[in-house]
Every structure is written in structure tokens, then in C-alpha cells.
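The following exercises concern one molecular structure. Please study the sequence and the model before reading each solution.

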Amino acid sequence: MAGTALRGRLSPRPLLWQVAKVLAVAIETASVRTIMLDVPDWPGHQAGQHVDIRLTDGDYVAERSYSIASAPGEPVALTVERIDDGEVSPYLTDELRAGDDLELRGPIGGYFVWEPKDGGPLLLLAGGSGIVPLRSILRHRQRTGSTVPVRLLYSSRTLDDVIYRGELDKPAAGVEVFHTLTRHQPPGWSGYARRVDAALLAEVAWPAGMTPLAYVCGPTNFVEAVSQTLVQSGYPPQRVKTERFGGTGGT
Amino acid sequence: MDAVDGNAIGGLLHEVFGSEMTTTVSICGTCGTARQVGELAVYAHAPGTVVRCPSCDNVLMVFVKIHDRTCVDLMGLAALG
């Protein structure tokens, strides 16, 4: 990087690994768990941030990132989807119990975050477990008394795969929740029943003229398709924040 | 292999640079596009972690962990910060 100007911003806090204690594990769906943690040295987080989790087995170390599901001010909670051939998630969803230790570092990231001062209207687009950081944003909005209007479009395979279903069935004032079920719909289903496409976004998304702020999170192919469609419909790229999980699962 | 966002390696970047980096602006050395690091395309499953420009696909940064050391290559960047 010859000639590169590297202007380091001094951080008040190094990002150190620390040991958290598992307070409880809650079942969200057949493959998804929410892990409530007591993190002794937690500086507080912003809605949309994540942590790195480190599992160690002898000399072998595996690290993964997981979004924080709880709002700032709430105890740290991570919602984890089991990836069947994953190295880390099956341990977190199947083995971890209250009282166990878990090594993590965080909070991490300043890009995919929302604060009430960022305004809106907010368009939240989730594919599968991409709902997790958006749930933190929703809770943060409610806890801070923000009245920013929100539309959430959440794509899941089936109704049984919908995470935080009870919570999303009772949205706060000013929050509209739209579901689409891409693989199977229960009898009488009144929501959408296909992958998120331009026509669906045209129905659900705020018009670009309202200068909305969009957060898109989910599997990489979901995020690519949705964010490109939003930009084509007039959303400025800098108003479309993305967080790709990689892989293809979940929507 | 599917890319993730620069945001996903916020922890690694903090470890290397000593501060939060995902909102830092990077400028691609090939096409000159300025983007926040959180927006860059990251291929985490390559041997090491490869960060590319989403506009022109140029390799901007490469991080390779060997035991407890991280080797950092920033040759593709024109500027960071």
C-alpha cells in the first residue's frame, strides 16, 4: 500500500476476547436458538452490531460472527441458526446450556447500525435469520420511544421457520410487518408466497421519494437480489445498508 | 464462493488496525471508488480472508492468520481512512 494515507483513529477500547456465561437458551424454531448471555465486561452495544464467537478444541480454533438480537441496554442475546454442516452453530444450538462459558469479543461494527437520530422511514428486509439484527433495531426503536415509521418484509421458507413470530405478530405502533413464505404456506395464508422480487418490493417498500433508509440482511443471494432491486427503483446505494450472511439457506 | 460484507470482518479489522474500521472509507487502487469498509466484498473461505472492490473486483486487502500472527497485504488500496 505504498503512499497510502493510514490515519488511525485511536480506539478507547481494545477488542479483547472474554468469557461470557450462558444465562439461558430459548427455542425460537426447530433449528434456531436464542442464547442469553452475561458478559461481565460489556461496554454496551448499538442496534445492528455483532460479536465474534470462538470455539477452541485443543489447537483447533473456529471463529464465527453472530448478530446481537437484543436492544442496547438489554442483556446480550444472540440468535443462532443451526447450519447442519457448520463447525460452530451446531454446538451453540444443540450443546450449549445455561451455566456454560462462551468465549466472545465485541460489540463489532459501525456500518450496519441504526440509531433514532438516523431517522427513516425505515425499510427492514430480512431473509431467514437475517431478521436478528433487524429485531435489535426494532426493539431499540421501541425502547427509545422513536416514532420513525417502519416497514419490515421478512422472507422465510415456511411459517414454522419464522423467528420471533410472537413478537412480530404484535408490532409496536408505526411498525408494519409483511411476511412472505417461499416454500410452503399454511391453509388460508394471507401473506405473500414467493421470493422477494421487484413487484413485491413495489408493493411493500417506501417510495424512494420519501428518502427511506433500508437495512437488508440475510443469505448472500437474498441480499444481492433485494439491494439491487431497491437501487434500481431509485434508492440511493448509500441508503441501502447490507449484511450478507453468505450461503444460500434460510429464505 | 459467496461474498459477505466488510462488516463481517469487523472483529479481524479491529484486531489488526486497533480500532473500529467498518465505517472507515477505503479507496480502490484500481478504479478509485470510495466505499466504507463495511460495504466491501469479503471472501472469508479463501486461504486467508480476501477483500475485493465490489465495483471492479480488484483485490484490496488480504489477511492470512498463521498461528497467532496475522499477515496483512493492503496493496490494492489507494487510501484507507
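**Exercise 1.** Which pattern does chain B follow when read along the sequence?

*Solution.* The model is predicted: local features need pLDDT of at least 70, side-chain atom pairs count only at pLDDT 80 or more, and totals for chains, interfaces and linings use all residues. Residues are numbered from 1 along each chain as its sequence is written, while chains are lettered from A and ligands numbered from 1 in the order in which they are written.

Step 1. Identify the elements: helices (H or I, at least four residues) and strands (E, at least two) are DSSP runs, numbered from the N terminus. Chain B has 1 helix and 8 strands.

Step 2. Place these elements in sequence order, which gives β-α-β-β-β-β-β-β-β for chain B.

Step 3. Consider the overall form. The radius of gyration, taken over C-alpha atoms, is compared with the globule rule, 2.2 Å times the number of residues to the power 0.38. For chain B the radius is 11 Å, close to the 12 Å given by the rule for 81 residues, so chain B is as compact as a globular protein of that length.

**Exercise 2.** Determine whether helix H2 of chain A is largely enclosed, and why.

*Solution.* Step 1. Helix H2(A) covers residues 131–143 and has 13 residues. From first C-alpha to last, H2(A) reaches 18 Å, close to the 18 Å expected at 1.5 Å a residue; the expected span is 1.5 Å times one less than the number of residues.

Step 2. Apply the burial criterion: a residue is buried if 20 or more other C-beta atoms, placed from the backbone, lie within 10 Å of its own, exposed if 12 or fewer, and partly exposed in between. The buried residues of H2(A) include Ile131(A), Leu134(A) and Arg139(A).

Step 3. Conclude: 11 of the 13 residues of H2(A) are buried, so this helix is largely enclosed by the rest of the structure. H2(A) is followed by Gly145(A), whose phi is positive, near 75 degrees.

**Exercise 3.** Describe the contact between chain A and chain B.

*Solution.* Step 1. Two residues are in contact if their C-beta atoms, placed from the backbone, lie within 7 Å. The contact takes 25 residues from chain A and 26 residues from chain B.

Step 2. On the side of chain A that touches chain B, strand E6 (101–108) and strand E11 (240–244) each supply at least two residues. E11(A) gives the most to this side, with 3 residues.
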